[in-house]
Amino acid sequence: MTMFARVQSVEPSDGQRVRVVFTTGEEREIDLSPYIATGPIFALVRTDPAFFRTVFVDGGTVAWPNGADIDPDVLYHGRTPPWAEATLYTEESRSR
């Protein structure tokens with residue numbers, strides 16, 4: 001049986017970093033800047049430090065009051081978010 005890691009708690013740290021405790025018991029400090037670098041939903045998160053610090057856990061996910069969130073599997077496994085993969089694919093297609 002595969003165990004899915006979800007976010008148990010999140011606390012803002014320095015800059016665009018957060019301290020995350022996963023439901024596996026593992027604790028990590030994660031730089032969220034690559035995850036919030038693009039996209040209109042993350043505009044306020046990346047440009048307003050006070051808003052960034054409003055980060056909270058919603059259903060096992062890192063989230064903000066404006067509806068922005070980051071998939072816990074992406075964070076736990078250090079994966080590229082699906083929206084970023086789609087952007088990379090589109091950019092590669094255009095360059096051909």
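Let's start with Phe22, which counts as buried because its relative accessibility is 0%. The structure you are looking at is a predicted model. A search through the whole of it turns up 3 aromatic pairs, and Phe22 belongs to one of them, with Tyr76 as its partner.

**Phe22 and Tyr76**
- The two rings meet edge-to-face, with 4.9 Å from centre to centre and 80° between the planes.
- Phe22 sits in strand S2 (residues 17–22) and Tyr76 in helix H3 (residues 72–77), so this pair ties together parts that are 54 residues apart in sequence.
- Tyr76 also has a charged neighbour: Arg28 lies over the face of its ring, 4.4 Å from the ring centre.

**Phe52, Trp64 and their cluster**
- The ring centres of Phe52 and Trp64 are 5.9 Å apart and the planes stand at 45°, so this pair counts as tilted.
- Helix H2 (residues 49–52) holds Phe52, while Trp64 is in the loop between strand S5 (61–63) and strand S6 (69–70), so the pair links parts 12 residues apart in sequence.
- Phe52 and Trp64 are both buried.
- Together with Phe42, Phe52 and Trp64 make up one aromatic cluster.

**Asp73 in helix H3**
- Helix H3 is also home to Asp73.
- Asp73 counts as buried because its relative accessibility is 17%, and the cut-off for buried is under 20%.
- Leaving aside residues up to four places away in sequence, Asp73 touches Phe4, Ala5, Arg6, Gly78 and Arg79.

How values were computed:
Residues numbered from 1 in each chain as written. Predicted model: local features only at pLDDT ≥ 70, side-chain atom pairs only at ≥ 80, totals over all residues. Heavy atoms only, no water. Phe/Tyr/Trp six-rings, centres within 6.5 Å; stacked < 30°, edge-to-face > 60°. Helix = DSSP H or I, 4+ residues; strand = E, 2+ residues; numbered from the N terminus. Buried < 20%, exposed > 50% of the residue type's maximum accessible area, 1.4 Å probe, protein only. Lys NZ or Arg CZ within 6 Å of the ring centre and 35° of its normal. Contact = heavy atoms within 4.5 Å.
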